[in-house]
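Here are my notes on the model you sent. They are set out as numbered points, ordered by topic.

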Amino acid sequence: MHDAPVASTTSARGVTAHSSIPFHDSLSPPLSTDELDFSAMSSADVSSRRPHVLVIAFPSQGHLLPLLDFAHLLSTRHRVHITVAATPSSLPLLSAFLASTPLAAALPMPLPDPSAPEQAGQLAPGTHHALLAVPLSTLRGPLVSWARSQRDPPTAVLSDFFLGSAQLIADDLRVPRVVFYSSGAFATAVAEPLWSGSLPLDPNSPVVLGDLPGSPSIPYRHVPTMVKAYVPGDPDWELAREGFRLNSRAWGAVLNTFAAMEGDFLEHLKRHFGHGRVWAVGPVSASGCRARERPTAGTEELFSWLADCPARSVLYVCFGSMYKPPPAQAAALGAALEASGVRFIWAVSADVAVLPEGLEERARDRGRVVRGWAPQMEILRHAAVGAFVTHCGWNSTLEGVAAGVTLVTWPMKADQFIDARLVVDVHGAAVRAAEGESAVPDPTTLARVFADAVDGAELAGVRAKAVALAVAAAEAVEEGGSSWLDLERMVRELEAVAAA
């Protein structure tokens, strides 16, 4: 039986954790995995050794939660031991994962510089959160020292794609690294070559990616925000760029997607990386490791109201629980919801003070406004919900796809424009509403889009394609499905490395 990595403790929050790792000033020079023969690794009990994966988390909820969903699948289905290295601010997000994953433990990793930011809210205004990778890169030495001190050290490293510097940790430990992409295969295939190309990009010219399926031409305004935010010569951005480049050296890549949705782009990534160790294992939110929030009076009333609504009659609107719409945008959106005549749920940030005056009272019979966190997956899976107005963040896109609702796209930043193109143009399972964070659409036009998305006859084909894509998503994660099989293939490779 595989020994626990180290003794653990339980905090008042219920987080099982290893003792904090020590910090060492000196960093050993990097070793290259290019020529490493993992089959030559030795161990005193190689015949019985199970994989032990060191997971290095990026401290952003949209990145961390799908990574934990995947780690849960890896561990509970295949008895893979997991150690999650996370900054103190991320530890509360690990509670549900640890409670549902018996072979997992947390490894708190305080940053060497206590004043360094460890979450997006601590960055200077306007700073892209990709730069959180800079202070996290200083943990290389402490993590390597921790791993080398273990009786049962990690046999592989798994890290978010924002943490390319984790490749150097894997090099030092002479173990393979698997990079986890919390974005889709299309978005990954767009961004990957840009980091190795000429930057910055010309804002007056589209990006033409002739090697990708369909040879897409990407307008500059749709290029992923992190690429456009890059500042040549800036030390932090140069380090971040080098991290993205290091992802191409990873032994394997895992994506939260499924073959029926992005098969052509997955095959492209295999050619791009030069190997077949590219595994699509999604949607990972089906793993069930996330804790359900305790019902509140508000959520109980919401689902009671939904229970009285006809099937697929409700439009759900959410751009993320932290999004604060500009007043003019909120007014246009509110006016469109009223004019559409459809039932709706509108989820907004808890501190949004300005909504169209009187909207909640006037629309009480056919709408609800949820302030702050909303149980999105449960809402989307409810039989009464038929359409979803979304910013097309990848997690939300996959949750909407898995629920079989019609997506109404309003991409704003990051890779959201690419995700919108995937569901609208490639699959025909969505319709466009607007784009951009500052967009203020005409309420009458927007109202028509909302009404058509729910039950308009002209969009019957779109709704049918959305349902078909949901069926494919469900089949992918069932036993024998494409995502199920990809996880099996990956684990067999990890077991071979651990036993070598």
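1. Some of the points below speak of strands that pair, so the criterion comes first: two strands pair if DSSP finds at least two bridges between them. Please also keep in mind that this is a predicted model.

2. Overall composition. The secondary structure of the protein comprises 18 helices and 17 strands. Of its 500 residues, 57% are buried. Taking contacts between residues at least 6 apart in sequence, 71% link residues that are at least 24 apart.

3. Strand β10 and its neighbours. On one side, β10 (residues 252-255) carries Gly-252 and Val-254, and on the other Ala-253 and Leu-255; all of these are buried, and both faces of the strand are covered. Strand β7 (residues 177-181) pairs with β10 in the parallel sense, over four bridges. Within that pairing, Leu-255 of β10 has Tyr-181 opposite. Strand β11 (residues 278-280) also pairs with β10 in the parallel sense, here over three bridges. The bridge partner of Leu-255 in β11 is Ala-280. From β10 the chain passes through helix α9 (residues 259-273) to reach β11, a β-α-β crossover that is right-handed.

4. The six-stranded sheet. What is the order of the strands in the open sheet of six? The order is β14-β13-β12-β15-β16-β17, with parallel pairing. The edges are β14 (367-371) and β17 (430-432); each has a single partner strand, so one side of each lacks a neighbour in the sheet. From one strand to the next, the twist averages 20 degrees.

5. Strand β12. This strand (residues 314-318) is mostly covered, with five of its five residues buried. Val-314, Tyr-316 and Cys-318 point one way, while Leu-315 and Val-317 point the other way. With strand β13 (residues 343-348), β12 runs parallel and is joined by five bridges. One residue pair there is Val-317 with its bridge partner Trp-346 in β13. The pairing of β12 with strand β15 (residues 385-390) is likewise parallel and likewise spans five bridges. In that case Val-314 has Val-385 of β15 as its bridge partner.

6. From β13 to the edge. Strands β13 and β14 run parallel and are joined by five bridges. Trp-346 has Val-369 as its bridge partner in β14, and Trp-346 is also the partner of Val-317 of β12.

7. Helix α16 on the sheet. Helix α16 (residues 443-455) packs on this sheet and touches β12, β15, β16 (406-409) and β17. The direction of α16 makes about 165 degrees with that of β16.

8. Arg-463. Which side chain of opposite charge is nearest to this buried residue? It is Asp-455, at 6.1 Å. A salt bridge requires a side-chain nitrogen of Lys or Arg within 4 Å of a carboxyl oxygen of Asp or Glu, and Arg-463 has none. The residue lies in helix α17 (residues 460-477). Setting aside neighbours within four places in sequence, Arg-463 is in contact with Thr-406, Asp-452, Ala-453, Val-454, Asp-455, Gly-456 and Ala-457. I would mark this residue as an item for the reader to look at in the displayed model: Arg-463 is buried and without a salt bridge.

Note on methods:
Residues are numbered from 1 along each chain as its sequence is written. This is a predicted model: local features need pLDDT of at least 70, side-chain atom pairs count only at pLDDT 80 or more; totals for chains, interfaces and linings use all residues. Side-chain values use heavy atoms; hydrogens and water are left out. Buried means under 20% relative accessible area, exposed over 50%, partly exposed in between (1.4 Å probe, protein chains only). Helices (H or I, at least four residues) and strands (E, at least two) are DSSP runs, numbered from the N terminus. A crossover is right-handed if, with the strands pointing away from the viewer, the path from the first strand over the helix to the second runs clockwise. Axes are lines fitted to C-alpha atoms, for helices over the stretch in contact, and angles run from 0 to 180 degrees between N-to-C directions. Contact means heavy atoms within 4.5 Å. Lys and Arg count as positive and Asp and Glu as negative; His and the chain ends are not counted.
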